[in-house]
Amino acid sequence: MSAMAHGKVTITVDEYSSNPTQAFTHYNINQSRFQPPHPAGHTRFVCVSDTHSRTDGIQMPYGDVLLHTGDFTELGLPSEVKKFNDWLGGLPYEFKVVIAGNHELTFDKDFMAELVKQDYYRFPSVSKLKPEDFDNVQSLLTNCVYLQDSDVTIKGFRIYGTPWTPWFNGWGFNLPRGQSLLDKWNLIPEGIDILMTHGPPLGFRDWVPKELQRVGCVELLNTVQKRVRPKLHAFGGIHEGYGIMTDGYTTFINASTCTVSFQPTNPPIVFDLPNPSSS
Ligand SMILES: Nc1nc2c(ncn2[C@@H]2O[C@H](COP(=O)(O)O)[C@@H](O)[C@H]2O)c(=O)[nH]1
Ligand SMILES: [Mn+2]
Ligand SMILES: [Mn+2]
């Protein structure tokens, strides 16, 4: 705390002095103490991804719009979705935009339709769900805008979100590389300012060290760089790829909160964009 007397600033002991973690949360979110307020005419985006039902310890920074690029649960169980929605409800951002990832099994209607024909041996807890438990699972997300091959305009920014990733171990929203995924990327309209996908494009934060492989989607890269050209491409999916890169026009943010060992220790990534001139 501080007080002003006779033109002199006096520092007194802060009410949060004995709990620095709580102090950071309070002063960062409420007063932007630890990051400068964004420049005039800019919007501050806070990017997270792959929180996997482990949101409790995440220290959220000041900003205007939250972007979450999928894998907010482990299996898409309604109980997990409700818990995530409650967490969102407690965050102070003006807008929150969310897409699904391959772990949100119940959000992928075709995946669930196939799963009920099988014996569920891969996902025992999903097998306990009745169709009426997950038919309308999207409606549990009351504290955000949920995008699935769709777009929304927020503060003048046109934001498109899509959950699809290259097939890997047969999870939700998986499609074969090549034409199947390109058909989904071809749904992205031109004129998008911010693209949200679950996984990376080729070459941008897509390296999997344990396999010495790049796993980003080639068709997504071509779509981003040669056709859509968003200012920001936010994604996650490859936890090891957490970080930020640019090609000189588009900024690529892999905001995976969880590490490869599913520890939620990577901080949210904050990015300021100049407001579109028409807004
Ligand atoms: N070789 C590949 N590894 C992949 C791919 N997609 C994901 N992964 C690995 O799994 C973890 C966790 O992903 P999650 O979807 O289960 O949360 C990720 O960090 C990678 O190590 C892929 O397409 N190819
Ligand atoms: Mn993940
Ligand atoms: Mn994933």
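The following legends describe close-up views of a predicted model.

**View 1. The open five-stranded sheet.** The strands are arranged in the order β6-β5-β4-β3-β17, and their pairing is mixed. Strands β6 (145–146) and β17 (269–274) form the edges, each pairing on one side only. Within the sheet, β4 (residues 65–69) and β5 (residues 95–99) run parallel to each other and are joined over five bridges. In this pair, V65 lies opposite F95 of β5.

**View 2. Helix α2 against the sheet.** Helix α2 (residues 78–89) packs on the sheet through contacts with β4 and β5. The direction of the helix makes an angle of about 155° with that of β5.

**View 3. The manganese ion (ligand 3) and its donors.** D71 (OD), N102 (OD1) and H198 (NE2) coordinate this ion at 2.0 to 2.3 Å. Along the sequence, the spacing of the donor residues is D-x30-N-x95-H. A distance of 3.4 Å separates the manganese ion (ligand 3) from the manganese ion (ligand 2), and D71 coordinates both. Distant parts of the chain are linked here: N102 belongs to the loop between β5 and α3 (109–115), whereas H198, 96 residues apart from N102, belongs to the loop between β11 (194–197) and β12 (207–208). Both N102 and H198 are buried.

**View 4. The buried side of helix α7.** In α7 (residues 218–228), the buried residues are L220, L221, T223, V224 and V228. These residues lie on the same side of α7 because they cover an arc of only 165° around the axis. An α-helix has 3.6 residues a turn, so residues three or four places apart point the same way. The elements covering the buried residues of α7 include α6 (179–185), β11, β14 (232–235) and β16 (251–254). Immediately after the helix, R229 adopts a positive phi of about 45°.

**View 5. The largest nonpolar core and the surroundings of L141.** This core contains 37 residues, of which M60, L66, L88, F107 and L141 touch the most other members. At least two core residues come from each of β3 (42–48), α2, α6 and α7. When residues up to four places away in sequence are not counted, L141 is in contact with F72, V81, F84, N85, F107 and Y146.

**View 6. A second nonpolar core.** This core is separate and consists of 20 residues. Among them are L67, F157, A255 and F271.

Key. Residues are numbered from 1 along each chain as its sequence is written. Chains are lettered from A and ligands numbered from 1 in the order in which they are written. This is a predicted model: local features need pLDDT of at least 70, side-chain atom pairs count only at pLDDT 80 or more; totals for chains, interfaces and linings use all residues. Side-chain values use heavy atoms; hydrogens and water are left out. Two strands pair if DSSP finds at least two bridges between them. Helices (H or I, at least four residues) and strands (E, at least two) are DSSP runs, numbered from the N terminus. Contact means heavy atoms within 4.5 Å. Axes are lines fitted to C-alpha atoms, for helices over the stretch in contact, and angles run from 0 to 180 degrees between N-to-C directions. Donors are N, O and S atoms within 2.8 Å of the metal (3.2 Å for Na, K and Ca); water is not among the atoms, so sites may look incomplete. Buried means under 20% relative accessible area, exposed over 50%, partly exposed in between (1.4 Å probe, protein chains only). The arc is that of the directions from the helix axis to the C-beta atoms. A nonpolar core is a set of buried Ala, Val, Leu, Ile, Met, Phe, Trp, Tyr and Cys residues joined through side-chain atoms within 4.5 Å.
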